Amino acid sequence: MIDSNYPTFEPGEKIAVRFSHQRYTEEGGDYARLTPRDYGILMHRVFAEARNESDIEHAIELLTVNGDISPSEATQLRSNIEAAFANPVIAEWFGDSWDDVRNENEIIARGQTYRPDRVMISGRKVAVVDYKFGRKLDAKYENQLRRYVSLLGEMGYTDIKGYIWYIAANELTEINNQFT
């Protein structure tokens, strides 16, 4: 006996299959076109796992194999990242010259928690990066990054550069040792 309060699949009905990578794309049509928001989520996932450039490729491969992105979306991500690496500052972040790379690690100070996207350390030299995926250049992001730079200075680092990387807008804002 079939319970009418619990709907079930009836023979002859059509079912739709939605692959996990489709949640990152515009509804219908070309699944190679990522929505701006979800493009940012994917890029952030790729960079969060990467110490260097080869880790980026590995992260993209994993997203593809796991069905999170399609092969055409993987190609799009690779192309966008390759274009970004034309900037020598960005390319250096994912080079092998850093002693330590911290992705998404917390800084706890005076009872508050801060979480820069990427901190790279080599001796007393530090670069801190926050990724932004929207097109809007916002002063609050600069204040947030100044806070990161200040906290790293309090930790004893002397050569600190901070960056806000507006990925979609292809803009890089640099903040140097400006403690507030």
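Which residue in E4 stands opposite valine 101? The partner is methionine 120. This is a predicted model. The report starts with its sheet and then turns to its aromatic rings.

**The sheet**

Five strands make up an open sheet. Their order is E1-E4-E5-E6-E7, and the pairing is mixed. Two strands form the edges: strand E1 (100–103) and strand E7 (171–176). Each of these edge strands pairs on one side only. From one strand to the next, the twist averages 15 degrees.

Look at the E1 edge. E1 and strand E4 (residues 118–122) run antiparallel, and four bridges join them. Valine 101 facing methionine 120 belongs to this part of the picture.

Now go to the E7 edge. Here E6 and E7 pair over six bridges, again in the antiparallel sense. Isoleucine 164 has threonine 173 in E7 as its bridge partner. E6 and E7 form a hairpin, with four residues between the strands. Asparagine 170 sits in the turn and has a positive phi of about 55 degrees.

In a regular strand, side chains alternate between the two faces of the sheet.

**The aromatic rings**

A pair of aromatic rings is described by two values: the distance of the centres and the angle of the planes. The model has eight aromatic pairs. Two of them share phenylalanine 47 and appear in the table.

| Pair | Centre to centre | Angle between planes | Type |
|---|---|---|---|
| Phenylalanine 47 and tyrosine 131 | 5.2 Å | 40 degrees | tilted |
| Phenylalanine 47 and tryptophan 165 | 5.3 Å | 40 degrees | tilted |

Why does the pair of phenylalanine 47 and tyrosine 131 tie together parts that are 84 residues apart in sequence? Phenylalanine 47 lies in helix H1 (residues 36–48), whereas tyrosine 131 lies in strand E5 (residues 125–132). So the pair links a helix to a strand.

The pair with tryptophan 165 spans parts 118 residues apart in sequence, because phenylalanine 47 is in helix H1 and tryptophan 165 is in strand E6 (residues 159–166).

Are these rings' residues buried or exposed? Phenylalanine 47 has 0% relative accessibility, so it counts as buried. Tyrosine 131 has a relative accessible area of 4%, and it is buried too. Tryptophan 165 is also buried.

These three residues belong to one aromatic cluster. Its members are Phe47, Phe85, Trp93, Phe94, Tyr131, Tyr163 and Trp165.

**Putting it together**

Strands E5 and E6 both have a place in the open sheet. Tyrosine 131 in E5 pairs with phenylalanine 47 of helix H1, and so does tryptophan 165 in E6.

Note on methods:
Residues are numbered from 1 along each chain as its sequence is written. This is a predicted model: local features need pLDDT of at least 70, side-chain atom pairs count only at pLDDT 80 or more; totals for chains, interfaces and linings use all residues. Side-chain values use heavy atoms; hydrogens and water are left out. Rings of Phe, Tyr and Trp (its six-membered ring) pair if their centres lie within 6.5 Å; planes under 30 degrees apart count as stacked, over 60 as edge-to-face and the rest as tilted. Buried means under 20% relative accessible area, exposed over 50%, partly exposed in between (1.4 Å probe, protein chains only). Two strands pair if DSSP finds at least two bridges between them. Axes are lines fitted to C-alpha atoms, for helices over the stretch in contact, and angles run from 0 to 180 degrees between N-to-C directions.
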